[in-house]
2 protein chains.
Amino acid sequence: MRYYEDIDVGETHEFGEYHVTKAEIIEFAEQYDPQPFHTDEAAAEDSAFGELVASGWHTAAMCMRLLVDGPLYNRASMGARGVDELRWKRPVRPGDTLSIRSEVIDKRVSESDPERGYVDSLLEGITQDGDVVISWIGLGMIARRNPPEE
Amino acid sequence: MRYYEDIDVGETHEFGEYHVTKAEIIEFAEQYDPQPFHTDEAAAEDSAFGELVASGWHTAAMCMRLLVDGPLYNRASMGARGVDELRWKRPVRPGDTLSIRSEVIDKRVSESDPERGYVDSLLEGITQDGDVVISWIGLGMIARRNPPEE
């Protein structure tokens, strides 16, 4: 298990293959983002996108799955406080295969809770062609291996 | 249909009821965020959360559904560029009922594409008790009703 002390600023990971299907794009969107360009191929052709594309929240969720299976797998994660600067840079389409790239950009111990470390990471979701489709800064929390005695 | 010209800075909307179930929390997390505190009640009790809680991305997705059924319903939406300052302020639990509050905080026409308007909104997801569980600034795009002739 990797704790706060084991994480280095600058460490990078590239991980995963998530195969994006039309069926999953539509299933996610019908539940969570039923805009026509995410749920209906014919309507999508007449939209600003010109084709069926994944909900941006679905793209984020698929990348989260890659993070959980990859860089977060053996981390003593305590969840995340939030996300900064999330950008949908290019739509995700049926047939795309996504991978993720992560880089730790900052870390520090919480001033209010010395058992808790903050780790900020730049995350990018990337297609089989190397195009970045989404990026965000994740504000993660991770347990310390050796917190000070109270 | 509401176009860029029809949106006023300062307009607010409150909308929706999304009933959060344990089954849906686990189903979403098994697909997209299989960390034990989202997928396994017993493991969640031993986690930093102390109980089963929804994936933060699931919380965002449920709020997106409320936005699509509410404030975005009749907007000439062209999707979103991204999200700033997303914060998970409190975990969402089985049995919670979520609603959303939105406020338009800025708008301007794209300098690169005069057919496209940018509308920034502060979004908050709120429980039945009035607790804000998530907030973000959505960077939306919306068609102009009367773009200038080329």
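Here are some friendly notes on this two-chain structure, which is a predicted model.

1. **Layout of chain A.** Let me start with the single chain. Chain A contains four helices and five strands, and their order along the sequence reads β-α-α-α-α-β-β-β-β. If you want a feel for its dimensions, the C-alpha atoms of chain A occupy a box of roughly 60 × 30 × 20 Å along the principal axes.

2. **Extent of the interface.** How much area do chain A and chain B bury between them? The figure is about 2900 Å², with 61% of it on carbon and sulfur atoms. In terms of residues, 35 from chain A are in contact with 35 from chain B.

3. **Polar pairs and salt bridges.** The interface of chain A and chain B also has a polar side. The rule finds 20 residue pairs in polar contact across it, counting pairs in which both residues have pLDDT of 80 or more. The rule also finds two salt bridges across this interface. One of them joins B:Arg87 to A:Asp84, and the closest N and O atoms of that pair are 3.0 Å apart.

4. **What chain A brings to the contact.** Four elements of chain A each supply at least two residues of the side that touches chain B: α1 (22-32), α4, β2 (77-88) and β5 (132-143). Which of them gives the most? That is β2(A), with twelve residues. By class, the residues on this side of chain A divide into 20 nonpolar, six polar and nine charged.

5. **A helix pair across the interface.** It is worth having a look at helix α4 of chain A (residues 56-69) and helix α1 of chain B (residues 22-32). Their axes come within 7 Å and cross at roughly 65°. Angles of 65 to 115 degrees count as roughly perpendicular, so α4(A) is roughly perpendicular to α1(B). On the α4(A) side, the residues that meet the partner helix are A:His58, A:Ala61, A:Met62, A:Met64 and A:Arg65. Facing them from α1(B) are B:Phe28, B:Glu30, B:Gln31 and B:Tyr32. This contact of α4(A) with α1(B) has five nonpolar, two polar and two charged residues.

6. **B:Ile26, within chain B.** The same helix of chain B offers one more residue to visit, as B:Ile26 lies in helix α1 of chain B. Which residues does B:Ile26 touch, leaving out those up to four places away in sequence? They are B:His38, B:Thr39 and B:Leu52. As for B:Glu45, 19 residues from B:Ile26 along the chain, the C-alpha atoms of the two are separated by 15 Å.

Notes. Residues numbered from 1 in each chain as written. Chains lettered and ligands numbered in written order. Predicted model: local features only at pLDDT ≥ 70, side-chain atom pairs only at ≥ 80, totals over all residues. Heavy atoms only, no water. Axes fitted to C-alpha atoms, helices over the stretch in contact; angles between N-to-C directions. Parallel < 35°, antiparallel > 145°, perpendicular 65-115°, else oblique. Contact = heavy atoms within 4.5 Å. Nonpolar A, V, L, I, M, F, W, Y, C, P; charged D, E, K, R; others polar. Buried area = accessible area lost by both parts, 1.4 Å probe. Salt bridge = Lys/Arg side-chain N within 4 Å of Asp/Glu carboxyl O. Polar contact = N/O pair within 3.5 Å; in protein donor to acceptor, adjacent residues only side chain to side chain.
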